[in-house]
Structures are given as C-alpha cells and as structure tokens.
Amino acid sequence: MLSETPAIDIRGLTRVFESRKGFLFREATRTEALRGIDLTVERGAIFGLLGPNGAGKTTLTKILSTLLLPSTGTAMVLGHNVVREADWLRPRMGLVLGGERGLYNRVSGRENLRYFADLYGVPLAERERRIAELISRVDLDWAADRRVEEYSRGMKQKLHIARGILHRPEILFLDEPTIGLDPKSAREIRKLVRSLVADGVTIFLTTHYMFEAEELCPEIAILSKGRIVARDTVAALRQLVGGDRTLEAEAYGFDDREVEALRALPGVSKILSEEFGPALRLTLRVRTGETQPEDVRALLPNHPELSVRERRTSLEDVYLDLVEEEGH
Ligand SMILES: Nc1ncnc2c1ncn2[C@@H]1O[C@H](COP(=O)(O)OP(=O)(O)OP(=O)(O)O)[C@@H](O)[C@H]1O
Ligand SMILES: [Mg+2]
C-alpha cells in the first residue's frame, strides 16, 4: 500500500558541486556536499536535521523537494522518486527556505497568497476562503492587506509558511524556519508547525537551534560534512555520547593522574577538557545512577576552589560531541 511507504527514503545519495573560479586560468573546484546519505523518515511527525554550516542540509532539502538533482543515489518521497516523478510530487509537497526572498514586496500578503494559489491551481471558488483561513492561522489578519515591504521578518516568515501550505501538501520541508526571529515570533512559528503535524502533515525541518529540535522533533539526524553521523531519538543520542548525565568540575588546573582517576570512575564514558576563564573545566558524561558529584569531589581533595555540578546532558552536548568527533 502506498500509504505505508515511508515519507522519505534515501539510498546512497550524493551531490557534487563543480564550479570554476577565475577568468583566464579557470580553476575547477569540486565540493562534495552530500557523500552517501541513507535515511528513512516515517510519516506523520517532525523530523529534525541538524548540522554545522556547510554540512549539506539545504542541499539535501532542495533535492528532496525536487529543486536540485542528486549526483548519484536515489531519494523517494511519499513513495515516489524525486527525479523521475517530480511532477507527481510537486503538488504534494511544500517548501519554505529561510530568508526573505520569494515574496512580492509591492503587494499585500493576501495578494501574494492569491498569486501562489493560482500558480498551484487552487480552485477559484475555494481560493478566498482558503486564503482567509490561512491568514488567520498564521495570525496575520491585522496585516493581510498591508504591503509585504512593510512586514517585519517574523511576519514575512509567517507568510512564507502560509504560502508553503496553501496547496495542502502532505509533506512540508522547512529550512531554518525560525532563523533571525525574536523568541516570541519563533515560538509562534513552532506552535504553527506543531499544529500542522496534528493535521497529519509530515515535516522535515532543519535548524541550528538545539532546543527547537529537542522541543519539536521526536527523532533527529545529525549531518556533518555531507554524511549522517547519527540518527535517533534525543534520549537515545544522549546514551550514544556516553550518558544522559553530565558532571562539570572546575578548578585552576588538574594533573594527568587526577584526570585518569576520574576516567576510571564507574559509568564515566568520556571526559572533555576546556579552558573556562582562568579555570579549567572537565566535562564528564556519566550513565544514570553511577558516579555522583561527591565521588568526583573525593578524588580531587587538593583543590579548595573546586566546584562540581551536575546537569542533564543536552542535545547541544550531544551535537558538539558528535560533530567534534568528525573533526569540526
Ligand atoms: N550552488 C552551489 N555551488 C557550489 N557549491 C555549493 C552550492 N550550494 C552549496 N554548495 C556547497 O555545498 C556544501 C553544503 O552546502 P549547504 O548549503 O547544503 O549547507 P548547509 O548545511 O545548509 O549550511 P548552513 O547551515 O550554512 O545553511 C557547502 O560546502 C557549500 O559551499
Ligand atoms: Mg542551509
């Protein structure tokens, strides 16, 4: 059955960009933006894609939404091939790329939506009602008839999202939907995104905001240098980096013996060290129920200034651990 196929199914996907620099002595540059992606995403949830600048997130989003061709490999969306069946797919998917381009500034928000409704073939009889519904869904009723050039960035982003769902897509690609928005506007966008999932839309979202991914996405993948380095639930990723607890010990320097003693404590999987102002901070990833802050203090008796605190391992910790391993 078609409805049982995953929302996204990617096998061995690569994308190489070749460009030439210079005028007389043209120098060829070759960027491997995606280096063999395998990824399956089920329908009906928000899937988060994280990764450093230049990791390939936008490239992957564009390939999945048929804007860009892959170099090799296959990508299926809703059970259909993004290259061979792009015409079937386009009406069934929406794409919202971050940034301010893609709207007509000289006309109102409502007129923008009319234009795109006609482009997407929304029946004329339904057009005005659907646009009015969308405008109130994104809370732009008060500004719908003002020119878009008068809109703030957050208002434009809401209009972008309204445009992205105008044709009622089954799957929506959101590339950094809250970039540059103030906390309140970002929160409104997240609420809107969640309400779309409640309507049964599958969402593929990229973000640099860890709390956003943690809040919205039951499952995430981390892309680094064109490869997926991890893909799981946030809870499972915490275990992957060695524990869902993090202990931080700060003092004016530790010697190697002390660090080795800490490493030997039960449940400690990993120790990172970084300068923190005049102090040195050791960060320990620890499994549930094992080593406690007092065990760490007991091993470091010669540091009157020592502070040890415990916190939950955050998605940001997981991200930094995994991306660091990749040599970023
Ligand atoms: N049109 C293009 N021509 C040449 N190189 C490109 C092109 N588009 C992307 N790239 C390169 O491909 C790599 C991946 O870029 P991409 O925009 O997909 O990264 P990203 O993960 O979206 O980054 P960011 O977080 O900064 O948005 C980068 O090295 C980038 O320079
Ligand atoms: Mg990008």
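A residue is near a molecule or strand if one of its heavy atoms lies within 4 Å of it. The model is predicted: local features need pLDDT of at least 70, side-chain atom pairs count only at pLDDT 80 or more, and totals for chains, interfaces and linings use all residues. Residues are numbered from 1 along each chain as its sequence is written, and side-chain values use heavy atoms, with hydrogens and water left out.

**Exercise 1.** Describe the shell around ligand 1 and its polar contacts.

Solution.
1. The shell has 13 residues, of which G54, K57, T58, T59 and H208 come nearest.
2. Sorted by class, four are nonpolar, seven polar and two charged. Here Ala, Val, Leu, Ile, Met, Phe, Trp, Tyr, Cys and Pro count as nonpolar, Asp, Glu, Lys and Arg as charged, and the others, Gly among them, as polar.
3. α1 (57-64) and β2 (27-41) each supply at least two shell residues, and α1 gives the most, with three. Helices (H or I, at least four residues) and strands (E, at least two) are DSSP runs, numbered from the N terminus.
4. A polar contact is a pair of N or O atoms within 3.5 Å; within protein, one must be able to donate a hydrogen and the other to accept it, and residues adjacent in sequence count only if both atoms are side-chain atoms.
5. Oxygen atoms of ligand 1 lie 2.9 Å from a backbone N or O atom of G56, 2.5 Å from a side-chain N or O atom of T59 and 2.8 Å from a polar side-chain atom of H208.

**Exercise 2.** Which residue forms a salt bridge with R190, and is R190 buried or exposed?

Solution.
1. A salt bridge is a side-chain nitrogen of Lys or Arg within 4 Å of a carboxyl oxygen of Asp or Glu.
2. The partner of R190 is E212, with the closest N and O atoms 3.3 Å apart.
3. R190 sits in helix α6 (residues 183-198) and E212 in helix α7 (residues 210-216), 22 residues apart.
4. R190 counts as buried because its relative accessibility is 6%; E212, at 0%, is buried. Buried means under 20% relative accessible area, exposed over 50%, partly exposed in between (1.4 Å probe, protein chains only).

**Exercise 3.** Trace the salt bridges of D321 and D317.

Solution.
1. D321 pairs with K270 at 3.9 Å between the closest N and O atoms.
2. D321 lies in helix α11 (residues 315-325) and K270 in strand β12 (residues 268-276), so parts 51 residues apart in sequence are tied together.
3. D317 pairs with R285, the closest N and O atoms being 3.9 Å apart.
4. Salt bridges that share partners join E248, E250, K270, R281, R285, R309, R311, D317 and D321 into one network.

Terms used
Chains lettered and ligands numbered in written order.
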